[in-house]
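Student: I would like to go through this structure with you and ask, at each step, what a term rests on. Could we take the assignments one by one?

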Amino acid sequence: MPTLFDTLDLKGLKLANRIVMAPLTRCRAGAGGVPLPISATYYRQRASAGLLISEGSYINASSCAFEHAPGIYTDPQVKGWRAVAEAVHAEGGRIFLQLWHCGRVGSDAILNGAQPLAPSEVNDDLDSLQVYGLMANGRYARIAATPARAMTESEIAQTIADYARGAANTIRAGLDGVEIHAANGYLPHQFLSPTTNRRTDAYGGSLENRLRFLREVTEAVVAQVGAGRVGVRISPFAAYNNTRDPDPAGTTAAVAKMLSGYGLAYLHLADTNAWAGSPDMPQLLAAAKPHFGGALIGNGAISPEAALASVADGSFDMVAFGRSFLANPDLPARIRQGGPYNEPRYVGWYGGSEEGYTDYPALAG
Ligand SMILES: Cc1cc2nc3c(=O)[nH]c(=O)nc-3n(C[C@H](O)[C@H](O)[C@H](O)COP(=O)(O)O)c2cc1C
């Protein structure tokens, strides 16, 4: 059986090991969502991962839930990402970009006055939605979500085209692929759940209809960059951003089955509730694995020891680490020698400059 440190051929892309950096929003982009040189430094420091997955990067002007997240729809954004790709590749690393649309998890305060767009007008839970803005004093703080409105069919078609453009821009910037963010209560996840998707057209109602948005996004992105450069992240069990799926196991199985036919780079199973100490990975894995033929990434409060075991026993092909990669730029070397590990500090988690971003030390020597 393989180990966490074995190489992996990901549809022709050679990964140095099976340790993945999970996508982590860090809110360091400059004006207009342009990645700055400090982000190239941050990703370069972590390039010993077999695969880096970037922070969520918004695909159009109405899709950002965290002010100062980066975007992937303008030429200056592409230029900023190119510097990141070059820095990672110079260290022999690989990087996918996470394509993100916040959907109803938004605020007109950071969408330049525009109303957030969603599958349906479900606005009974705005207090549960995680939207963040930068205060005038430089502090980054949670702000109120504002009511969303239902997307028209032509807005859905335009949004799907914007995912495809984001994927094309990612490859143009020189990154190795894209991950479609269909987890954590954002737009594709909102379409999957019958609680947040109450549409009566072809995108809502039956499970098959609720899968349609993710299927069409996947097909558009695959048509643009090729299936081997596309991963999808899901978390149907997640409580984060309150999508309230009454049958998360059924949704997981259906998504895995639907995606299995495309020959994607991977399916990324995010056990989001595990961050808050209530893991669902056994159910998530049991629902997805029998239906998905390709590589699986597992994530969510997985210790290095559990990661070693779960690759060795074939549960996952790769394991992604979030908070421990945030705090340990050289995480693979530390896992290999059994630690020690820096503890993540909350300072600089979202927004700011070097502190809590590029100042975590690597092992000496
Ligand atoms: C600061 C921070 C930012 C995050 N940003 C994203 C993101 O942009 N996209 C995403 O899919 N998940 C995001 N997550 C979730 C992580 O990818 C991961 O699922 C979570 O941290 C649990 O993994 P861990 O226990 O290894 O940290 C974020 C988590 C943290 C702590």
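Student: How many bridges join strand β3 to β4, and do the two run parallel or antiparallel?

Tutor: The model is a predicted one, and in it strand β3, residues 19-21, is joined to β4 by two bridges, with the strands running parallel. Two strands count as paired if DSSP finds at least two bridges between them, so β3 and β4, with two bridges, are called a pair. Within this pairing, Val20 stands opposite Leu51 in β4.

Student: What makes the sheet a closed barrel, and in which order do its strands run?

Tutor: The order is β3-β4-β5-β10-β11-β12-β13-β14, eight strands with parallel pairing, and the barrel is described as closed. The pairing that joins the two ends of that list is the one between β3 and β14, which pair in the parallel sense over three bridges, with Phe321 in β14 as the bridge partner of Met21. Going on from β14, strand β13 (residues 296-299) pairs with β14 in the parallel sense over three bridges, where Gly298 stands opposite Val319. Strand β12 (residues 266-270) in turn pairs with β13 over four bridges, again in the parallel sense, and there Ala270 stands opposite Asn299.

Student: Why are both faces of strand β14 called covered?

Tutor: Strand β14 comprises residues 318-321, and Met318 and Ala320 on one side, as well as Val319 and Phe321 on the other, are all buried. A residue is called buried if 20 or more other C-beta atoms lie within 10 Å of its own, so each of these four residues meets that cut-off, and neither face of β14 is left uncovered. Strand β13 is covered on both faces as well, with Leu296 and Gly298 buried on one side and Ile297 and Asn299 buried on the other.

Student: Which residues touch the most other members of the largest nonpolar core?

Tutor: That core has 104 residues, and Val20, Leu267 and Val319 touch the most other members. For Val20, leaving out residues up to four places away in sequence, the contacts are Ala49, Gly50, Leu51, Ile53, Ile297, Met318, Val319 and Ala320. As a general background, nonpolar side chains tend to be buried together in soluble globular proteins.

Student: How do you know that Pro188 is buried, and where does Pro188 lie?

Tutor: Pro188 lies in helix α4, residues 187-192. Pro188 has 26 other C-beta atoms within 10 Å, and because the cut-off for a buried residue is 20 or more, Pro188 is called buried. Apart from neighbours within four places in sequence, Pro188 is in contact with Ile180, Ala182, Phe213, Leu214 and Val217.

Student: Why is Cys27 called buried, whereas Arg244 is called partly exposed?

Tutor: Cys27 has 20 other C-beta atoms within 10 Å, and because 20 is enough under the definition, Cys27 counts as buried. Arg244 has 15 such atoms, and because partly exposed residues fall between the limits of 12 or fewer and 20 or more, Arg244 is partly exposed. Cys27 is found in the loop between β3 and α1, and Arg244 in the loop between β11 and α6.

Student: What makes the backbone at Cys27 and at Arg244 worth a remark?

Tutor: Phi of Cys27 is near 55°, a positive value in a residue other than glycine, and phi of Arg244 is near 50°, again positive in a residue other than glycine. Most residues other than glycine have a negative phi, and most peptide bonds are trans. With the second half of that statement in mind, the peptide bond from Gly339 to Pro340 is cis, with omega near 0°, and Pro340 is found in the segment after α10.

Student: How do you know that β7 and β8 form a pair, and in which sense do they run?

Tutor: Strand β7 (residues 131-134) and strand β8 (residues 140-143) share four bridges in the antiparallel sense, and because at least two bridges are needed, they count as a pair. The bridge partner of Leu134 in β8 is Tyr140, and in this hairpin, with five residues between the strands, Gly138 takes a positive phi near 95°.

Student: Which residues are closest to the ligand, and how do the residues of the shell divide by type?

Tutor: The ligand is surrounded by 22 residues, of which Ala22, Pro23, Gly56, Gly322 and Arg323 are the closest. The shell divides into nine nonpolar, ten polar and three charged residues, and β4 and α9 each supply at least two of its residues.

Technical notes. Residues numbered from 1 in each chain as written. Predicted model: local features only at pLDDT ≥ 70, side-chain atom pairs only at ≥ 80, totals over all residues. Near = placed C-beta within 6 Å. Nonpolar A, V, L, I, M, F, W, Y, C, P; charged D, E, K, R; others polar. Core = buried A, V, L, I, M, F, W, Y, C linked by C-beta atoms within 7 Å. Contact = placed C-beta atoms within 7 Å.
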